[in-house]
Amino acid sequence: MNPPASISSLHHAREQRLASLQQRFDLHRASFPAEWCDYGSDDPVGDAEHLVNSCADCGTLPQLAGDGVTWTATCACGAQAPAAKMRWQAWLQWNRSPLSVDPAWHELPFFFISELGEDDARHKLARLREHLELRSNLEGARRVCGYRVGSGYLQRLKAYHGWCCYAQELLKRQSVAQPPAKGIASGLHNTRHA
Ligand SMILES: [Zn+2]
């Protein structure tokens, strides 16, 4: 017996989306430097805790508090970052919020940007961000279609993407050309609790 039409058309739509994402990724890979696929030796999921910034108010490091659904980086002084589903996300939210003290952009351990000048780093991060978006969308679509794609692997791609966005924000804020204030450039609003 054939499956009901709605299920088979849903399946078809998923396969179509996968094919179109695969095509976009292949096109992108044709001009993306192969060596840039080495994102660095740090693990953006496992090492996130060790890369956490100190509190802008009191200088200490925050702790993660979980309620069973979300995680929140919270400082003893009361500063609290937006909640996140994953632990690595909660650390990164804290770093990206105005509550923490940023490192210099070239000190971030990912993507081998430490030796680059501003323009080269800006260019590399923009391409990497696009690369990581396409790659995690593609792997997510493969997983939906039943391919063996580990959830840990997908999380790592998403985490790399998050660190890439943070690196871009740092570079923008610390640019010698025209540094905007923290929080305004990143588009974060609900970061400080009253
Ligand atoms: Zn604090």
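Is phenylalanine 111 buried or exposed, and how many other C-beta atoms lie within 10 Å? The views below start from the whole chain and then come to this residue. This is a predicted model, in which local features need pLDDT of at least 70, side-chain atom pairs count only at pLDDT 80 or more, and totals for chains, interfaces and linings use all residues. Residues are numbered from 1 along each chain as its sequence is written.

**View 1. The protein chain has four helices and two strands.** Helices (H or I, at least four residues) and strands (E, at least two) are DSSP runs, numbered from the N terminus. Read from that end, the elements follow the order α-β-β-α-α-α. Of the 194 residues, 26% count as buried; a residue is buried if 20 or more other C-beta atoms lie within 10 Å of its own, exposed if 12 or fewer, and partly exposed in between, with C-beta atoms placed from the backbone. Among contacts with a separation of 6 or more, 60% join residues 24 or more positions apart. Here, two residues are in contact if their C-beta atoms, placed from the backbone, lie within 7 Å.

**View 2. Phenylalanine 111 and phenylalanine 112 sit in the loop between H2 and H3.** To answer the opening question, phenylalanine 111 is buried, with 20 other C-beta atoms within 10 Å. Phenylalanine 112 has 15 such neighbours and so counts as partly exposed. Phi is positive in each residue: near 70° for phenylalanine 111 and about 50° for phenylalanine 112.

**View 3. The largest nonpolar core has 33 residues.** Such a core is a set of buried Ala, Val, Leu, Ile, Met, Phe, Trp, Tyr and Cys residues joined through C-beta atoms within 7 Å. Phe111, Leu125, Tyr160, Trp163, Cys164 and Ala167 touch the most other members. At least two core residues come from each of strand E2 (71–74), helix H2 (87–96), helix H3 (118–144) and helix H4 (151–174), and H4 gives the largest share, nine residues. The core lies between domain 1 (1–35 + 104–180) and domain 2 (45–101), because both give residues to it; these bounds come from an automatic or database domain assignment. Leaving aside neighbours within four places in sequence, tyrosine 160 is in contact with Tyr39, Pro44, Phe110 and Leu132.

**View 4. H2 is mostly covered and packs against H4.** Nine of the ten residues of H2 are buried, including Trp88, Trp91 and Trp94. The buried residues of H2 also pack against strand E1 (63–66) and E2. The axes of H2 and H4 are 11 Å apart at an angle of about 5°; axes are lines fitted to C-alpha atoms, for helices over the stretch in contact, and angles run from 0 to 180 degrees between N-to-C directions. H2 is therefore roughly parallel to H4, given that angles under 35 degrees count as roughly parallel, over 145 as roughly antiparallel, 65 to 115 as roughly perpendicular and the rest as oblique. Trp88, Gln89, Leu92, Asn95 and Arg96 of H2 make the contact with Ala159, Gly162, Trp163, Tyr166 and Glu169 of H4.

**View 5. H3 and H4 are roughly antiparallel to each other.** Their axes are 9 Å apart and make an angle of about 155°. Arginine 122 belongs to helix H3 and, with 18 C-beta neighbours inside 10 Å, counts as partly exposed. The C-alpha atoms of arginine 122 and glutamine 168 are separated by 7.0 Å, although these residues are 46 residues apart along the chain.
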